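Hi,

Here is the structure I promised to pass on. Have a look, and below it I'll walk you through what turned up.

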Amino acid sequence: MRLILVGPPGAGKGTQAVYLAAHYGIPHISTGDIFRANIKGETELGKLAKSYLDSGNLVPDSVTNEMLKERVGQSDAAGGFLLDGYPRNVGQAEFLEGVLVEKKITLDAVLELSIPGEEIIKRLSGRRVCRNCGTTSHIIFDRSKVDGLCDSCGGELYQREDDKEEVIAHRLSVYAEQTEPIIAFYRELGLLKVINAIGEVSEISANAVATLK
Ligand code: AP5
Ligand code: MG
């Protein structure tokens, strides 16, 4: 299975990706997670990416495309992969097409998570992420058992810099202007499937799997 998850910030891409990657036995490749791991590790890539992530702007394609190509070339992705947060503009979608042609492989589907704007703000402003293992929770919808601590590993929960209200608004406009056009791109290729991203996490996952069958 080679799958792309697309949808606005807070649609639940990361949440659904954890389930779908386990279900299909494929790696979950999130460009956002790779950037955040590099920022945490204070690598050269992390230093370059930090100001873009903090302000809600896209990291330049020249950096992101090479990083993605390298990641999908790793051995665990040979049997399939789930991309979360990539491609994020038409240039990246075209670049990915080139990578697929080079590797003589094709995508199975592009799954769009559809969600109204007001729900996005609630999800993002209440999201908390574990500093240690990256597990995501929510102060209302998916509360950790002990306030401020991760259920999976006990690590400290923090709020992403780009989940502050002023940055959320900017991320939504970046999505509308730069990312939404890839939906038409994949619709034309006959790969697009759209599902409703509102409801219980498990219902959405079940719907995703049924839609992909
Ligand atoms: P990235 O990390 O990809 O962020 P994003 O696309 O903005 O999406 P999010 O991670 O915010 O949301 P999500 O859809 O994963 O939602 P989640 O499952 O967490 O990118 C961040 C930045 O990195 C970009 O701004 C850019 O700077 C850079 N970047 C990344 N990729 C790039 C690329 N390709 N090119 C250039 N730059 C790039 O859910 C959100 C919350 O809702 C959570 O708290 C969760 O618990 C809760 N929730 C989930 N599902 C439900 C549900 N069904 N009901 C109730 N609550 C729910
Ligand atoms: Mg995410």
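Before anything else, one cut-off: a residue is called buried if its relative accessible area is under 20%, and exposed if that area is over 50%. Phe185 meets the first of these and is buried, and so is Tyr186. Please keep in mind that this is a predicted model.

Those two residues also sit next to each other as rings. Phe185 and Tyr186 make an aromatic pair of the edge-to-face kind, with 5.0 Å from centre to centre and 85° between the planes. The count of aromatic pairs comes to 1.

Now the sheet. What is the strand order? It runs β2-β3-β1-β4-β8, an open sheet of 5 strands with parallel pairing. At the edges are β2 (28-30) and β8 (192-196), each of which pairs on one side only. On average, neighbouring strands are turned by 25° against each other, ignoring direction. If you want to check one pairing by eye, try β4 (residues 109-114) with β8: the two are parallel and share 5 bridges. Ser114, for instance, has Asn196 in β8 as its bridge partner.

Helix α8 (residues 181-188) packs on this sheet, where it touches β1 (2-6), β4 and β8, and its direction makes about 125° with that of β8.

Helix α8 also meets helix α5 (residues 90-103): the axes of the two come within 9 Å and cross at roughly 35°. From α5, the contact uses Val90, Ala93, Glu94, Leu96 and Glu97, while α8 brings Pro181, Ile182, Phe185 and Tyr186. What sort of residues make up this contact of α5 with α8? They divide into 7 nonpolar, 2 charged and no polar. So the aromatic pair from above has both its members, Phe185 and Tyr186, in this contact, since contact here means heavy atoms within 4.5 Å.

Leu96 deserves a look of its own. This residue of helix α5 has a relative accessible area of 0%, so it counts as buried. Leaving aside neighbours within four places in sequence, Leu96 is in contact with Ile4, Leu68, Leu83, Tyr86, Pro87 and Tyr186. By contrast, Leu96 and Tyr24, 72 residues apart in sequence, have C-alpha atoms 21 Å apart.

Two of the contacts of Leu96, Tyr86 and Pro87, bring me to the backbone. The peptide bond from Tyr86 to Pro87 is cis, with omega near -5°. Pro87 is in the loop between β3 (81-84) and α5.

Which other backbone spots should you check? Glu42 has a positive phi of about 55° although it is not a glycine, and Lys104 also has a positive phi, near 55°. For context, most residues other than glycine have a negative phi, and most peptide bonds are trans. Glu42 is in the loop between α2 (31-40) and α3 (44-55), and Lys104 is in the loop between α5 and β4. Are these two buried or exposed? Glu42 is exposed, because its relative accessibility of 59% is over the 50% cut-off. Lys104 is exposed as well, with a relative accessible area of 78%.

A few more sites to click on:

- Val174 is in helix α7 (residues 165-179) and is buried at 7% relative accessibility. Not counting residues up to four places away in sequence, Val174 touches Gly56, Asn57, Leu58 and Thr179. Its C-alpha is 9.8 Å from that of Asn89, with the two positions 85 residues apart along the chain.
- Ser205 is in helix α9 (residues 201-212), and its relative accessibility of 3% makes it buried. With residues up to four places away in sequence left out, Ser205 touches Gln16, Tyr19 and Leu20.
- Arg131 has its charged end over the ring of Tyr158, 4.5 Å from the ring centre.

If you only have a minute, start with the contact between α5 and α8, then go to the cis bond from Tyr86 to Pro87.

Cheers

Technical notes: Residues numbered from 1 in each chain as written. Chains lettered and ligands numbered in written order. Predicted model: local features only at pLDDT ≥ 70, side-chain atom pairs only at ≥ 80, totals over all residues. Heavy atoms only, no water. Pairing = 2+ DSSP bridges. Helix = DSSP H or I, 4+ residues; strand = E, 2+ residues; numbered from the N terminus. Axes fitted to C-alpha atoms, helices over the stretch in contact; angles between N-to-C directions. Nonpolar A, V, L, I, M, F, W, Y, C, P; charged D, E, K, R; others polar. Phe/Tyr/Trp six-rings, centres within 6.5 Å; stacked < 30°, edge-to-face > 60°. Buried < 20%, exposed > 50% of the residue type's maximum accessible area, 1.4 Å probe, protein only. Lys NZ or Arg CZ within 6 Å of the ring centre and 35° of its normal.
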